[in-house]
Amino acid sequence: MPIHEKSLIRPENLVTHERLKLDGVDVSGHWSTFILPRVITDYNEQMQEEIAALPGGEFIHRCWQCGSCTNACTVNAINPDFNPRYWIYLIRMGLEDELLRDKDIIWQCVSCNKCTYACPRDVNPEGVMKATAHWLELKGHTEKKPSMIFDEVFAEQVFATGKIEDGRVLRQFFARTGQSLLQDWLVALIRGLLSRLPAGLMMKLSLATLFAPRTRGWHRAGNAIAEYVAERHAADRRALGLKGGAEQ
Ligand code: SF4
Ligand code: SF4
């Protein structure tokens, strides 16, 4: 019998015998394709609860598996393995090992929120993807991914100055991720800006990149936000039973 949904079976679970005769009938090769049985014993019964405790994951329990999020997903259109509906299913079932197989692509969500608008149950799948990537990092399953490093650099700049200066964010992001500043797209962008923007504005942008001006009276507001974020991080760790999550 042909396997209609072969793409859903992990390749290592498919076994084919090159030479096999059964009751005198030659069923070598394709005709002897077997699917190995899968026995799951290690459900993580806390997984849904833990991801729901992280920002963005709150409404995961509402999912009814319609698949609208995956159908609408920008990244899924390029990489069919990027499947928010499937990951939400694995989380709700506590199938941690299965989820870990995809740990290196879950963070690739680009936060376009097309899934969020398509979802009929207000699950906020974009938030669930962010919470899942965060959960994977907090649990030590993945190292910090570039999108998380970008968020950190962005937030640090807001705490420090109350402003965002794109040039400085990019410079620090490339430095922390060990990338060259001379990216082709960046060079093309700067060339375009140089040829189009008035000289006065370019000068202002360059000075802002070099001297990082602060919003007036930002000190107290910046400290209050940084304090809130630290409390939030401690609460996340507490929800997952990790060190560094002591009561505030
Ligand atoms: S926010 Fe992420 S999961 Fe949702 S559609 Fe965009 S890329 Fe896909
Ligand atoms: S669109 Fe919403 S309800 Fe449907 S599978 Fe995705 S998250 Fe679940």
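Helices, with at least four residues, and strands, with at least two, are DSSP runs numbered from the N terminus. By that numbering, valine 39 belongs to the loop between strand S4 (33-35) and helix H1 (47-52). The model described here is predicted. The points below cover the surroundings of two ligands, one helix with its buried residues, and several single residues.

**Ligand 1**

- Ligand 1 has 14 residues around it, and those that come nearest are Cys73, Cys109, Cys112, Asn113 and Cys115.
- Helix H3 (74-78), helix H7 (114-118) and helix H8 (125-138) are the elements that give two or more residues to this shell.
- By class, the shell around ligand 1 holds nine nonpolar, three polar and two charged residues.
- The second largest cavity is the space that ligand 1 takes.

**Ligand 2**

- Around ligand 2 there are also 14 residues, and Cys63, Cys66, Gly67, Cys69 and Cys119 come nearest.
- At least two residues of the shell around ligand 2 come from H2, and at least two from H4.
- Nine nonpolar, three polar and two charged residues make up the shell around ligand 2.
- Ligand 2 takes the space of the largest cavity.

**Helix H4**

- Helix H4 spans residues 84-93, and its buried residues include Pro84, Trp87, Ile88, Leu90 and Ile91.
- These buried residues lie on the same side of H4 because they cover an arc of only 160° around the axis.
- The cover over the buried residues of H4 includes helix H1 (47-52), helix H2 (68-72), helix H5 (96-101), helix H6 (103-106) and H8.
- After H4 comes glycine 94, which has a positive phi, near 75°.

**Threonine 70**

- Threonine 70 is placed in helix H2, one of the helices that cover the buried residues of H4.
- With a relative accessible area of 10%, threonine 70 falls under the 20% cut-off and is therefore buried.
- Apart from neighbours within four places in sequence, threonine 70 is in contact with Asn76, Phe82, Asn83, Pro84 and Arg85.
- Of these contacts, Pro84 is also one of the buried residues of H4.

**Valine 39**

- Valine 39 has a relative accessible area of 70%, over the 50% cut-off, so this loop residue is exposed.
- A separation of 34 Å lies between the C-alpha atoms of valine 39 and alanine 118, which are 79 residues apart along the chain.

**Loop residues with positive phi**

- Aspartate 23 sits in the loop between strand S2 (21-22) and strand S3 (25-26).
- The phi of aspartate 23 is near 50°, a positive value in a residue other than glycine.
- Aspartate 23 is exposed because its relative accessible area, 82%, is over 50%.
- Asparagine 124 belongs to the loop between H7 and H8, two helices that each give two or more residues to the shell around ligand 1.
- For asparagine 124, phi is near 60°, which is likewise positive in a residue other than glycine.
- Asparagine 124 has a relative accessible area of 24%, between the cut-offs of 20% and 50%, and so counts as partly exposed.

Terms used. Residues numbered from 1 in each chain as written. Chains lettered and ligands numbered in written order. Predicted model: local features only at pLDDT ≥ 70, side-chain atom pairs only at ≥ 80, totals over all residues. Heavy atoms only, no water. Near = heavy atom within 4 Å. 1 Å grid on protein atoms, 1.4 Å probe; cavity = no way out; pocket = protein on both sides within 12 Å on 5 of 7 lines; lining within 4 Å. Sits in = over half its atoms within 2 Å of the grid points. Nonpolar A, V, L, I, M, F, W, Y, C, P; charged D, E, K, R; others polar. Buried < 20%, exposed > 50% of the residue type's maximum accessible area, 1.4 Å probe, protein only. Arc of directions from axis to C-beta. Contact = heavy atoms within 4.5 Å.
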